[in-house]
Amino acid sequence: MASSRDRGGSVFLCFQLCFIVSHFLLSNNRVLAQRQPRFACDAVRDPGVSNYRFCDQTLDVESRVNDLMSRMTLEEKILNLINDARGAIRLGVPEYNWWSEALHGVSNAGRGTNFTAPVFAATSFPQVICTAASFNTSLFYTIGKVVSTEARAMYNAGVAGLTFWSPNVNIFRDPRWGRGQETPGEDPLLTSRYAISYVRGLQERDDGDKYRLKVGACCKHYTAYDLDNWKGIDRYHFNALVTEQDMSDTYQPPFRSCVTEANVASVMCSYNQVNGKPTCADADLLTGVIRNEWKLNGYISSDCDSLEVMFDSQHYTRTPEETAADALKAGVDLNCGDHLRKFTLAAVQKGLAAEADVNRAVKNNFAMLMRLGFFDGDPRQHIYGNLGLNDICTLENQELAREAARQGFVLLKNSPGSLPLSPRATESIAVIGPNANVTKTMIGNYAGIPCRYTTPLQGIAAVVPETIYSPGCANVECVTAQVDDAKRIASTADATVLVVGADQSIEEESRDRIDISLPGQQTFLVQEVTKASKGPVILVIMSGGGMDVQFAKDDPKVTSILWIGYPGQAGGAALADILFGFYNPSGRLPMSWYPQSYVNNVDMTNMNMRPDPATGYPGRTYRFYRGPTVYTFGDGLSYSLFSHNLIKAQKLVSVPLGRHHFCKRFRCKSIDASEKTCKNVHVRVHLKVKNAGGMSGGHTVFLFSTPPGVHNAPQKQLLGFEKVFLTPKEEGIVRFHVDVCKHLSVVDKAGKRKLALGMHVLHVGSIKHYLMVSI
């Protein structure tokens, strides 16, 4: 047993000191002089660069890039095909490292960013899966905007780049996936809307310039990538067998949205193969779809060392030169790694690739740097040039991290008299569990160094002075639960908070789970403490993936269950806000929680979304899986009661077709959703939402549809969602604008969008509205 002051204090103090020291260093000109941002066309240092057309900001980007390319040798161009690009020093173009990360805050996971003088920390927001649970697109955008501001400030300080390889928009298909925590969840629409909002937040400039960018984002990992290392099967050797139908309606939509709606700067191809071909060597997927169909205005990057993987692990080509050629000709512009530096010249000399392939790739890369201002001289003389350390870890940014966590927490169970706890009536509280006083666990993976930490224990202790703590387990693996001390403090406390779950030793990149129950003896710890507890028992689960906690859901003595994802630097403060009623929970699960029996019977390598009755395969996610779940997508409770009232919605919509259309003469079950006459057919759904409770709060309104049973359609699919914030007894209007052919369509076996004719059922909460679609 330990008091709330015994653990975490030294770590907390360390980060506070680092934060103070870094602010001091910013004011020290000697320190700033040691690090300068990297940029080309420095006319102060080299006046001769003013004669180069590529340094002339009045010219269009294409003209500038062409001038630069005309001055470079093939060998120099090749040195700019890799993430550690060598530039062209003789032309005043410095080296540049493309690899920076900003998944949920500026991270030092990439080699282009370092937390070193004068910047020692940046705001660490909740891991993406937690933020996605807020279902708040304006929050997604605002976080992206803050992250890009801190990123630009770090670039000015010489410790970060301008290109950030985030977000991860893969679908969280299987609950065992270690990287599911990085994604917005299992639903293609939610993932797409997260991607659009976050990318725009990162990239959009404050001066309204739509062509130039604040920083460059990257949507990854393209495509059908959601297995890292499961039972000896790893991502480097995995061949994802994906149907055209699943590719079109599940795996591709987030990437399409990134490119066509968010105008993302980059797309990254993945390690795995798809249907027998490495994604980074698939010209149909890269040039055909991303570049030609979706019209990417940016560059295509490989995942790190994926070209080496293609040759060494997958043995896709006979020689490394063939690998380099295949990647370039498929559409890769930038190689995270060294393969293109080593083997491109030989590939060109052997006739495997053309210099034109190199030129195309390097042009795309340099064009992106020009749009980012890298070729405009000293960035401190341009927009965002005034950003510095005072714009990093601001109180406003840290409060946003706390707000994001509060909005993302999901209340899954709440018995009468449990939450919220009364801060006045609760005189003592027992805080128990391996995640109760953790720091780094809260920020998940692809995180940087946070401004500070507030652990769950610290957050609770700030409200209830008599907070008694026992870890219960040495760590989340919990080989042996230490229950005696935990039971003793729970038996006398007014309330007990158990903080359990996972960390990166359980789920992370290159580590998928086998079991989805609480690790080790954590279940035993929860059960024993629950039996001994005097007051209400609140089970708090800190994890990226879902957990089989059916035992706790069924146990009446576990009075509340709260999932908090990996909540970021302010997780403990946000948790206390929820527990004590200072904030009304409004998060909803962005992924389904399955029973352990599901993963016992379903092979993780099966990429099929749809069930197969012939084999007993049950399908995946709420859209197709019909079996039992512990909790499902969209589940979440509030301290208030919200009601819905449908006030406007058509009951019949007709799609006009030409008089000679095939379906005018023969009975059709569906029509092509790309029909020209289908473009302007809309349905408006208006709802009145009321907060019938006594506490202000947020509420997510979901609009689902159940289409007619054709083309093996989803049993249910999300058409839209809106987050509203209402005071007690307040009413608000939520409006959905449904594009019939875009939103109500399904995908056939050939991957083509079809609008099913017949009765569609629209769902909002308990409301069902029947909409007939005809011709």
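**Aromatic contacts and a pocket**

In this predicted model, the charged end of Arg193 is placed over the ring of Phe721, at 4.3 Å from the ring's centre. A second arrangement of this kind involves Lys716, whose charged end lies over the ring of Phe704, 4.2 Å from its centre.

Rings also meet other rings here, and the count of aromatic pairs comes to 29. A good one to look up in the structure is the pair formed by Phe54 and Phe375, which is edge-to-face, with 6.0 Å from centre to centre and 85° between the planes. This pair links distant parts of the chain, as its two members are 321 residues apart. Phe54 belongs to the loop between helix H2 (29-34) and helix H3 (61-70), while Phe375 belongs to the loop between helix H14 (355-371) and helix H15 (395-408). Phe54 counts as buried because its relative accessibility is 0%, under the 20% cut-off. Phe375 is likewise buried, with a relative accessible area of 0%. Both residues are part of one aromatic cluster, made up of Tyr52, Phe54, Tyr96, Trp98, Tyr299, Phe366, Phe374 and Phe375.

Attention now turns to open space. Empty space left among the atoms shows up when a probe the size of a water molecule is rolled over them. The second largest pocket has a volume of about 480 Å³. It is lined by 24 residues, and those closest to its centre are Phe39, Ala40, Cys41, Asp42 and Arg45. By character, the lining of this pocket comprises twelve nonpolar, five polar and seven charged residues.

Key:
Residues numbered from 1 in each chain as written. Predicted model: local features only at pLDDT ≥ 70, side-chain atom pairs only at ≥ 80, totals over all residues. Heavy atoms only, no water. 1 Å grid on protein atoms, 1.4 Å probe; cavity = no way out; pocket = protein on both sides within 12 Å on 5 of 7 lines; lining within 4 Å. Points joined across faces, edges and corners; volume = space filled by probe spheres on them. Nonpolar A, V, L, I, M, F, W, Y, C, P; charged D, E, K, R; others polar. Phe/Tyr/Trp six-rings, centres within 6.5 Å; stacked < 30°, edge-to-face > 60°. Helix = DSSP H or I, 4+ residues; strand = E, 2+ residues; numbered from the N terminus. Buried < 20%, exposed > 50% of the residue type's maximum accessible area, 1.4 Å probe, protein only. Lys NZ or Arg CZ within 6 Å of the ring centre and 35° of its normal.
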